[in-house]
Amino acid sequence: MLRTIAVLNQKGGVGKTTTVANTAAALAMRGLKVMVVDMDPQAHLTIHLGENPKQAGPGVYEVLTKSANLAESLVEVRPNLRLLGSNIDLVGAESELVSVVGRDIILREALEAVQDEYDYIMIDCPPSLGLLTLNALTAAKEAFIPVQPHFLALQGFGTLLETITLVTRRINPELKVTGILLCMFDKRALLPAEVKADIEQFLDKARQTDCPWSGAQIIPVHVRRNIKLAEAPSYGKTIFEYEPKCNGAEDYKTVAEYIHSQTGAVVKEQGDELQQPPILIRELAPEAKTATLGDESVEASQTDRA
Ligand SMILES: Nc1ncnc2c1ncn2[C@@H]1O[C@H](COP(=O)(O)OP(=O)(O)O)[C@@H](O)[C@H]1O
Ligand SMILES: [Mg+2]
């Protein structure tokens, strides 16, 4: 029961790469099979996971231009964790592919071949809404949007959601925004609470509609601002390797647990009925049940009481 999640926000510096690196690492440490894809020519994810993009072999660029296949381009960076890396050539992919028919579905086609081998594929998007992000959104079934709760947090949100809507209309009707993750959260400041309330209000308006974020929720775990999270990448380490006891490690572990606890419900939502039955409903926090499972929540709480 694979979940393919694109982590995107066209704003830079909101926590996309940090989220992909550490959430994927936490899932892999839990024994799940995980692939991460670095769609950003800046190669921050590749570097964060300890690879040198200048010396790396084939990666996203080669897969998109079909000069290498996916299997030969993946690097096993940790137990259970494989990376499809980025390098500077990726900058040119957009213009090189401009006349290629089907250029927006290349990643999807490549990933389809390995579906059965993974529990999670997480795609780290560049800070733009161009062809690379489009490939990610076409390959994914879910979009996560990290948000840094400061006063311009929701600026650009409209454009982002319009892009997602376009993708769902034209190429990938299955795509849903499932999670908004508040990153670099500072509880003491007033603003985060306001930004959070704004997002909640915005999401609530979409609840009964068929837009791709009608089922989205703010992930009920915030990632607190933590300097260790900013230091770890320059050592090529995940937060669990760099400082396993810090708040950042705790937060991303909790985020990963939460995401995984939702898997049963999400896969069911995706109509994958032949797969395993929904799992872990009992493990969800009560607020999570009501927030995400709709009618299912009644059933779940009754089961709990029984
Ligand atoms: N919770 C956090 N606390 C402190 N620094 C963080 C946190 N999350 C990310 N950072 C740092 O902020 C910068 C931007 O984060 P990054 O994940 O690279 O964002 P994006 O991929 O959206 O550009 C990086 O230097 C990163 O190390
Ligand atoms: Mg990034």
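A backbone N or O atom of Val 14 sits 3.1 Å from an oxygen atom of ligand 1, in a model that is predicted. Here a polar contact is a pair of N or O atoms within 3.5 Å; within protein, one must be able to donate a hydrogen and the other to accept it, and residues adjacent in sequence count only if both atoms are side-chain atoms. Gly 13 also takes part, with a polar backbone atom 2.6 Å from an oxygen atom of the ligand. With Lys 16 the side chain does the job: an N or O atom in it is 2.9 Å from an oxygen atom of ligand 1.

How much of ligand 1 does the protein cover? The answer is 79% of the 550 Å² of accessible area that the ligand has on its own; such areas come from the Shrake-Rupley method with a 1.4 Å probe, and for residues only the protein chains shown count as cover. Two elements, α1 (16-29) and α10, give two or more residues to the shell around the ligand, and α1 gives the most, with three. Helices (H or I, at least four residues) and strands (E, at least two) are DSSP runs, numbered from the N terminus.

In total, 14 residues surround ligand 1, and the closest are Gly 13, Lys 16, Thr 17, Thr 18 and Asn 226. A residue is near a molecule or strand if one of its heavy atoms lies within 4 Å of it. The shell divides into five nonpolar, six polar and three charged residues. For that split, Ala, Val, Leu, Ile, Met, Phe, Trp, Tyr, Cys and Pro count as nonpolar, Asp, Glu, Lys and Arg as charged, and the others, Gly among them, as polar.

On to the salt bridges. The structure holds ten of them, each being a side-chain nitrogen of Lys or Arg within 4 Å of a carboxyl oxygen of Asp or Glu. Here are some of the pairs:

| Pair | Closest N to O |
|---|---|
| Lys 141 and Glu 174 | 3.7 Å |
| Asp 204 and Arg 207 | 3.6 Å |
| Lys 228 and Glu 243 | 4.0 Å |

Lys 228 lies in helix α10 (residues 227-231) and Glu 243 in the loop between α11 (239-242) and α12 (247-261), so this pair ties together parts that are 15 residues apart in sequence. Lys 141 forms a salt bridge with Glu 174. That Lys 141 is in the loop between α7 (131-139) and β6 (142-147), while Glu 174 is in the loop between α8 (157-170) and β7 (176-182), so parts 33 residues apart in sequence are tied together.

Lys 141 is partly exposed at 25% relative accessibility, and Glu 174 is partly exposed at 43%. Buried means under 20% relative accessible area, exposed over 50%, and partly exposed in between (1.4 Å probe, protein chains only). Asp 204 is partly exposed too, at 47%, as is Arg 207 at 29%. There's also a network of salt bridges linking Arg 224, Glu 250 and Asp 251.

Now for some backbone oddities. Most residues other than glycine have a negative phi. Ala 43 has a positive phi, near 60 degrees; this residue is in the loop between β2 (34-38) and α2 (44-48). Asn 80 has a phi near 70 degrees and belongs to the loop between β3 (74-78) and β4 (81-84). Ala 43 is buried, at 2% relative accessible area, whereas Asn 80 is partly exposed at 21%.

A note on reading all this: residues are numbered from 1 along each chain as its sequence is written, and chains are lettered from A and ligands numbered from 1 in the order in which they are written. Local features need pLDDT of at least 70, side-chain atom pairs count only at pLDDT 80 or more, totals for chains, interfaces and linings use all residues, and side-chain values use heavy atoms, with hydrogens and water left out.
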